[in-house]
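Student: Please take a close look at the disulfide bonding in this model, going through the linked cysteines one pair at a time. After that, I would like to see the wider setting in the chain.

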Amino acid sequence: MNSTSPVKSLLRAALVVVPLIATPGCAPSAHGTTAGSPAATNASPPAAEPQKPAAAAQPTAEDARQFATRVNEELKRLWTRQATAEWIKATHITDDTERNAALVNEEVLGYVNQAIKEAARFKDVQGLDADTARTLHLLRVSSALPAPSDAQKRAELAGIAAKLEGIYGKGKYCGKDGKGQCKDLGELSDVMARSRNYDELLEAWTGWHGISPPMRPLYQRLVQLSNEGAQEIGFADTGSLWRSNYDMPPEAFEKEAQRLWGQVKPLYDDLHCYVRARLARQYGEDKVPAGKAIPAHLLGNMWAQEWNNIYNLVEPYKGQPSLDVDAELKRQNYDALRMVKMGENFFTSLGLKPLPQTFWERSQFTKPRDREVVCHASAWDITYDNDLRIKMCIKPTEEDLVTIHHELGHNYYYTYYYKLPVLYQAGAHDGFHEAVGDALTLSITPGYLKQAGLLKEVPKGDKGLINLQMKDAMEKVAFLPFGLLVDQWRWEVLSGRVKPEDYNKAWWALREKYQGVRAPVERSENDFDPGAKYHVPANVPYTRYFLARILQFQFHRALCQAAGQKGALHECSIYGNKEAGQRLQAMLEMGASKPWPDALQALTGQREMDASAMLEYFAPLRTWLQEQNKGQKCGW
């Protein structure tokens with residue numbers, strides 16, 4: 001469960017930090033959908049622009065402070081309008097609500113674009129106070145799609161971004177001859193998840209990847225134009241701008257991402273080896289040979305990014321009792337409201353405050369019968385002033401119960417930082433928000449479910465544990481290399497290290513290097529396979545998801561330590577522990593007001609991201625995998 005949603009998927013597309021974060025895993029992408037187009041980043045002139053001083057005036061520290069204050073005030077007003085329009089659109093889908101939201105997005109993104117350029121005037125001003133300097137920095141690194149000053153080029157970039165997202169959104173596969181029944185991504189993804197027929201999977205995979213070749217020339221031009229915009233505000237290229245968002249030099253962050261990957265790669269390699277052997281048993285060693293990369297269409301997901309859909313092929317111990325929480329929820333007549341109340345109870349048990357009454361009055365918990373809505377789960381603060389909501393179409397299932405806890409994690413982040421200036425109303429870096437929600441779901445252990453009355457007994461024995469950890473690893477561990485490589489590819493493209501004539505070749509080189517996954521059929525530069533992943537045509541940075549997968553375990557371990565937990569990390573639930581709640585609250589209250597190492601230290605006592613907690617959590621599974629892999633030809 002990891003994703004962002006509508007406005008939040010534009011998150012750094014113009015620092016549209018509209019508090020609205022969704023759960024992972026929903027179509028069209030495993031990490032979120034879109035609302036409002038990144039194209040709007042370069043839209044028509046805004047109604048309200050930052051005030052421009054006389055050209056001759058030499059800016060002072062006081063000018064900078066006043067500018068920062070003014071931008072925070074104006075952004076809060078504009079973002080509130082935007083979040084309101086997006087909420088109305090998401091909970092009542094019509095042509096009118098979509099058009100209204102698009103118009104507001106244009107105004108907001110136009111303002112942000114101008115404010116970023118205005119902030120550049122203060123780049124060399126001496127004597128700035130810490131808050132002004134941080135506000136200007138957050139503003140300066142906020143746009144994922146920086147636009148050139150030239151109005152014609154800005155309009156061109158807007159049009160390209162809209163076309164790219166349109167091609168993706170309208171993508172369908174209509175059979176090999178183009179005359180069959182057309183299937184969209186959701187339908188093709190169902191085939192990928194459920195089918196165990198090699199050729200049927202191959203057709204679904206190649207069918208979807210056939211939508212993206214028309215994106216290639218558009219994407220090449222987008223790279224040129226956005227790089228020009230990035231250079232105008234002082235960055236080497238757009239990728240360098242993205243990497244500057246982590247309170248360290250861009251080249252240092254690139255090394256940091258590789259360091260974290262180095263920590264988790266041995267665990268991934270063990271999982272890869274075991275899964276490949278099981279796939280060879282299913283499809284034949286001729287199709288899945290030992291010591292080679294796995295064909296990308298066999299892992300249950302269109303991008304082979306998460307493998308939980310093929311769990312039944314790799315289940316360690318068949319016949320173990322499953323934890324059937326769904327049946328108990330139905331037996332006890334849990335409805336949507338009761339499930340959300342249970343989620344709130346988790347947070348209040350930590351000593352955190354109850355949700356405001358308006359949350360219960362304004363949230364969408366179930367799907368209305370009288371109109372179209374977006375059911376993709378998301379968390380919101382509409383006014384940046386504690387107007388908390390979630391938007392879901394809740395069903396009495398364990399999956400939705402976990403999702404509720406995750407979304408409320410975002411809401412509690414909002415409620416503890418909403419009094420900060422609006423540019424500070426965000427996670428300490430873009431991986432933090434998702435990591436908080438996911439860390440808290442790690443406390444939904446069998447022990448917690450028993451306490452909540454949804455399990456009669458906590459299963460005992462190693463077999464049940466290994467099955468449970470395998471299921472988790474097929475989502476959380478399998479995702480790691482993909483979470484890293486999407487932006488590795490884009491950073492190389494944006495810097496010019498990868499030329500347009502090598503786009504697809506470089507993509508598959510990285511897929512094989514990091515994931516041990518290969519194209520199932522011959523690919524060429526007539527293809528544009530990166531474009532078949534939503535975040536590439538939509539220009540949404542992706543490294544945040546890699547960081548969130550690692551941070552959630554680091555957060556979980558620190559909270560368990562604060563709770564005085566003894567024993568295995570995977571058994572820990574912080575439910576009911578006030579000390580853990582105090583530690584969590586201390587970090588949540590900081591928002592983005594300090595560099596992320598300060599926020600990390602407040603929660604964990606560490607100033608460095610660390611994947612060792614993930615290794616500790618999955619230690620039982622890793623020992624089991626290594627035993628199973630003896631005699632196998634691992635690696636690729």
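Tutor: What follows begins with the basis of the model, turns to the disulfides, and ends with some other sites and the chain as a whole.

The model is predicted, so local features are given only where pLDDT is at least 70 and side-chain atom pairs only at pLDDT 80 or more, whereas totals for chains, interfaces and linings use all residues. Residues are numbered from 1 along each chain as its sequence is written, and side-chain values rest on heavy atoms, with hydrogens and water left out.

A disulfide is taken here as a pair of cysteine sulfur atoms within 2.5 Å, and by that rule the count is 4. When the bonded cysteines are counted along the chain, the pairing follows the pattern 1-2, 3-8, 4-5, 6-7. For burial, the terms are buried for under 20% relative accessible area, exposed for over 50%, and partly exposed in between, with a 1.4 Å probe and protein chains only. Helices (H or I, at least four residues) and strands (E, at least two) are DSSP runs, numbered from the N terminus.

One of the disulfides joins C174 to C182, with 1.9 Å between the sulfur atoms. The torsion about this S-S bond is about 110°, and the link between C174 and C182 is therefore right-handed. The surroundings of the two cysteines can be given separately: C174 has 18% relative accessibility and counts as buried, while C182, with a relative accessible area of 35%, is partly exposed.

Another disulfide links C375 and C393, at an S to S distance of 2.1 Å. Its torsion about the S-S bond is about -80°, so the link between C375 and C393 is left-handed. Since C375 lies in the loop between α14 (357-362) and β3 (378-381), and C393 in the loop between β4 (388-391) and α15 (398-417), the pair ties together parts that are 18 residues apart in sequence. C375 is partly exposed, its relative accessible area being 32%, and C393, at 13% relative accessibility, counts as buried.

A further disulfide is formed by C560 and C572, whose sulfur atoms are 2.0 Å apart. The link of C560 and C572 is left-handed, with -105° about the S-S bond. C560 sits in helix α21 (residues 543-562) and C572 in the loop between α21 and α22 (578-588), so this pair ties together parts that are 12 residues apart in sequence. Both ends can be classed as buried, C560 at 2% relative accessibility and C572 with a relative accessible area of 0%.

Turning from the cysteines to other sites, helix α16 (residues 432-441) is mostly covered, as 10 of its 10 residues are buried. Among them are F432, H433, E434 and D438.

R140, in helix α4 (residues 130-140), is buried yet has no salt bridge, and the nearest side chain of opposite charge, that of D124, is 8.6 Å away. A salt bridge here is a side-chain nitrogen of Lys or Arg within 4 Å of a carboxyl oxygen of Asp or Glu; Lys and Arg count as positive and Asp and Glu as negative, with His and the chain ends not counted. A polar atom of the R140 side chain does lie 3.1 Å from the backbone oxygen of I233. Taking contact as heavy atoms within 4.5 Å, and leaving aside neighbours within four places in sequence, R140 is in contact with I116, K123, I233, G234 and F235.

In the segment after α25 (619-628), Q632 is partly exposed at 38% relative accessibility. Its C-alpha atom is 8.5 Å from that of G291, although Q632 and G291 are 341 residues apart in sequence. Not counting residues up to four places away in sequence, Q632 touches C273 and A277.

As for the whole chain, it contains 25 helices and 5 strands, and buried residues make up 60% of its 636 residues. Among contacts between residues at least 6 apart in sequence, 78% join residues at least 24 apart. The C-alpha trace spans about 75 × 55 × 50 Å along its principal axes. The chain has a radius of gyration of 24 Å, which agrees with the value near 26 Å for a compact globule of 636 residues; this radius is taken over C-alpha atoms, and the globule rule is 2.2 Å times the number of residues to the power 0.38.

Technical notes
A polar contact is a pair of N or O atoms within 3.5 Å; within protein, one must be able to donate a hydrogen and the other to accept it, and residues adjacent in sequence count only if both atoms are side-chain atoms.
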